[in-house]
Each structure stands twice: as C-alpha cells, then as structure tokens.
Amino acid sequence: MANNSSSASATAEGVKTLDAAKAKKIASANNKRGAIGNILGLSILLGVSYPLDLMPYAALSLFLQFTVFFLHGLPYRSEKFYDISGSATHFALVFTSVTADESQVRTRRQMFLAMCSVVWMTRLGTFLYLRVLRDGKDERFDPVKPYALLFSAAWTVQTVWVFLIQLPVLLLNNMDDTTAEQPIGTTSDYYGLVELILIITWFVGFTIEYIADTAKMDFRNKPENRHKYLTDGIWSVCRHPNYFGEILMWTCMAGVTTVAAIEHQKWYLLSAWLSPAFTAFLLFKVTGIPLVGKAGMKRWGDDPVYRHYIDNTSLIVPWRPAPAFDATKIELEGILQQAHS
C-alpha cells in the first residue's frame with residue numbers, strides 16, 4: 001500500500017512538473033509573439049509618421065493608448081476601456097489636427113472630413129463600449145490577457161490603427177488647403193462633383209454600418225436569441241455588412257484627400273489610402289472576419305442551416321440573399337452518403 005501511495009504521489013508530481021513546463025513554454029511563446037507585435041507596430045508607426053511629418057500625432061496616439069493600458073488594462077487584465085480609449089484617441093487626433101495651427105483658415109473640405117470622423121468615432125465607440133458592458137467582456141481578449149507583452153501588443157495595434165485610419169484627416173489638416181475655396185466656374189468644378197459623390201457615398205457607408213450594428217445589438221439584447229445567429233434584414237444580403245460600411249467610409253475619405261492631392265499636386269497625400277487598406281487588412285486577416293468566422297463555426301458549425309447561410313451569402317459586399325434552405329435536400333444527401341459508405 002505504501003509503495004502504491006508513493007508511486008501515485010510521484011506520478012502526480014510528474015504531471016504537475018510537465019504541466020508547469022508546458023505552461024512556461026506557452027507563456028514564453030506568447031510573450032515572444034507580443035514582443036514581435038509591439039516592435040512591428042511601433043516600426044510601422046514610426047515609418048509612416050516620420051516621412052509624412054506627423055510624428056506628434058503618432059506620439060499622442062501612443063501616449064493615450066498606453067496611459068489607459070498601464071493605469072487599467074494591465075493591472076486589472078481588463079479590456080473594458082479598450083474601445084472607448086480608442087474613440088478618445090481618435091477624437092484627440094482629429095481635434096489636435098484642426099486646432100494645432102490657429103493662424104490657418106480651415107476649408108470646408110478639411111472641416112467636413114474632421115466632422116465625418118467625429119460622427120463615426122462617436123457612434124462606433126459608443127456601440128462597442130455598450131457591447132462590452134452588456135457582455136461583461138470581449139472574448140477575443142481571453143487568450144491574450146494572461147500574457148503582458150501579448151496583451152500590450154493589442155494596444156499597440158490599436159495605436160497604429162487609430163493613427164493610420166485617421167490619415168485622410170491628419171494629412172489634409174496638416175496643409176494649407178485654400179484652393180478648395182475657388183469660385184464656381186473654375187476648373188475645380190469637376191473635382192467638386194467627384195467630392196460630392198464621395199460625400200454621398202460616405203453617408204451610404206455610415207448608414208449601412210449603423211443599420212448593421214443596431215440590428216445585431218437589438219437581436220442580441222433579446223434573451224431568446226442568446227444562442228442564435230442573425231440572418232435577417234441587412235445581414236441576409238452579406239455576412240459582414242458592418243465591415244463593408246466601415247471600409248466604404250474610409251475609402252471615400254481617402255478619395256477626398258486624393259482630390260486634394262491632384263488639386264495641390266502634393267502626391268504624398270496619396271498616403272491617405274493606407275487608411276482603408278489597413279482597415280481592410282485588419283478586418284479580413286486579423287481581428288474581424290477570421291475571429292468571427294472561427295467563433296461561428298465553433299458554435300454552429302454542425303447546424304446545416306448555418307452552413308447554408310455561410311456557403312450561399314456574400315462575404316462582405318451586400319448582394320442577393322441566400323436561397324431558401326431545403327431540408328429535404330440535406331436529408332437526401334445524408335442518405336446517399338450513408339449508402340455509399
């Protein structure tokens with residue numbers, strides 16, 4: 001009996017040692033990923049801001065994000081103020097860009113881009129913050145919060161995202177844009193028409209994102225929908241209408257800055273296209289579609305109705321709804337598969 005007890009104790013100790021070694025290895029790998037993410041993010045921030053003479057805005061973005069991270073995010077291992085701090089940083093950059101040079105007269109174009117950015121950040125930031133308050137947490141952060149360097153990389157990514165996405169506003173407000181005020185009848189009329197189309201399209205994108213987010217929030221606020229997925233309304237014509245609206249808005253903002261680049265012959269303003277490009281990269285490859293898709297398949301991957309929706313609905317561009325689900329066809333395919341096996 002004593003030998004058996006000693007053997008069991010030794011086995012338990014061995015398992016604990018292996019578990020501890022495994023946990024240490026995982027922690028080391030995740031902190032390494034975090035270090036790489038931080039270095040890469042800071043390199044992008046410096047590499048873009050320095051040649052464009054936007055270093056003060058990059059520094060402000062970094063300062064605000066990591067102030068929140070060190071005061072609340074890291075000590076409490078919490079993402080509660082992640083989204084709201086992002087909105088505050090957006091606002092700080094836009095406000096600073098408009099007010100930095102009091103001697104400079106701002107044109108309608110400059111003020112319009114700033115106004116659009118404030119409207120967008122206020123709506124999205126409020127929506128995301130209310131979502132975290134409702135859910136209690138953002139599950140996307142669960143795998144990274146235990147590891148300080150990896151968790152900090154998420155804040156670095158947001159620092160870079162805020163700075164890059166605001167490039168159309170920062171670039172345009174960091175220059176003299178007086179040619180935008182030419183009288184009607186000049187050669188700028190054509191560009192004015194292009195800008196008008198871009199402005200209208202911006203409001204279309206904003207409306208799409210607002211409708212999509214509101215519909216999803218209303219759907220999830222109903223207890224009976226807790227374990228269901230949304231496929232009605234605007235969500236019936238594409239799987240990520242909110243992402244489509246966001247990319248469309250920043251594409252239009254970059255388009256307006258491109259008009260200014262042509263008028264002023266200042267081609268560095270074309271760097272504004274990093275805004276929709278980086279937004280699309282994050283949504284398609286990092287934080288958006290991959291995470292949402294993985295979570296959806298984990299929860300409903302065995303549901304044939306969900307698979308039908310995924311397989312037959314446009315990924316991001318609103319298009320026609322998926323055809324009606326045919327349960328008989330699914331059953332017949334199952335019977336045929338069993339027969340062949």
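The following questions and answers concern a predicted model of a protein.

Reader: Which secondary-structure elements does the protein have, and what pattern does the protein follow along the sequence?
Author: In this predicted model, the protein has 12 helices and zero strands. Read from start to end along the sequence, the pattern is accordingly written with helices alone, as α-α-α-α-α-α-α-α-α-α-α-α.

Reader: Are helix α2 and helix α3 roughly parallel or roughly antiparallel to each other?
Author: The axes of helix α2 (residues 55–76) and helix α3 (residues 82–99) come within 10 Å and cross at roughly 155°, and α2 passes α3 in a right-handed crossing. Angles over 145 degrees count as roughly antiparallel. The relation of α2 to α3 is therefore roughly antiparallel.

Reader: How many nonpolar, polar and charged residues does the contact of α2 with α3 have?
Author: On the α2 side the contact is formed by Y57, L60, S61, L64, Q65 and V68, which meet S85, G86, T89, A92, L93, T96 and S97 in α3. Sorted by class, the residues of this contact are six nonpolar, seven polar and no charged.

Reader: Is the crossing of α3 and α4 left-handed or right-handed?
Author: Helix α4 (residues 108–135) packs with α3 at an angle of about 165°, their axes being 8 Å apart. That angle makes α3 roughly antiparallel to α4. As for the hand of the crossing of α3 and α4, it is left-handed.

Reader: How do the residues of the contact of α3 with α4 divide into nonpolar, polar and charged?
Author: From α3, the residues D83, I84, S87, H90, F91, V94 and V98 take part, and they meet M111, A114, S117, V118, W120, M121, G125, L128, Y129 and V132 in α4. By class, the contact of α3 with α4 divides into 12 nonpolar, four polar and one charged.

Reader: Which residues touch the most other members of the largest nonpolar core, and which helix gives the largest share of this core?
Author: The largest nonpolar core holds 48 residues, and those that touch the most other members are L54, W120, F163, L167 and W202. The largest share of this core, amounting to 10 residues, comes from helix α8 (residues 241–264). Apart from this core lies another one of 12 residues, which includes Y229, Y306, Y309 and I310.

Reader: Which residues is W120 in contact with, leaving aside its neighbours within four places in sequence?
Author: W120 is among the α4 residues that meet α3, and W120 is also one of the residues touching the most other members of the largest nonpolar core. With neighbours within four places set aside, its contacts are H90, W161, I165, Q166, W202, F206, E209, E246, M249 and W250.

Reader: Does D213 count as buried or exposed, and at what relative accessibility?
Author: D213 is found in helix α7 (residues 189–220), and beyond residues up to four places away in sequence it touches R123, L124, F127 and N242. Buried means under 20% relative accessible area. D213 therefore counts as buried, at a relative accessibility of 3%.

Reader: What is the phi of D53, and what is the phi of R77?
Author: Most residues other than glycine have a negative phi. D53, in the loop between α1 (2–49) and α2, counts as exposed at 57% relative accessibility, whereas R77, in the loop between α2 and α3, is partly exposed with a relative accessible area of 32%. Each has a positive value, with the phi of D53 near 60° and the phi of R77 near 45°.

How values were computed. Residues numbered from 1 in each chain as written. Predicted model: local features only at pLDDT ≥ 70, side-chain atom pairs only at ≥ 80, totals over all residues. Heavy atoms only, no water. Axes fitted to C-alpha atoms, helices over the stretch in contact; angles between N-to-C directions. Helix = DSSP H or I, 4+ residues; strand = E, 2+ residues; numbered from the N terminus. Parallel < 35°, antiparallel > 145°, perpendicular 65-115°, else oblique. Left-handed = near helix turned anticlockwise from the far one by under 90°. Contact = heavy atoms within 4.5 Å. Nonpolar A, V, L, I, M, F, W, Y, C, P; charged D, E, K, R; others polar. Core = buried A, V, L, I, M, F, W, Y, C linked by side-chain atoms within 4.5 Å. Buried < 20%, exposed > 50% of the residue type's maximum accessible area, 1.4 Å probe, protein only.
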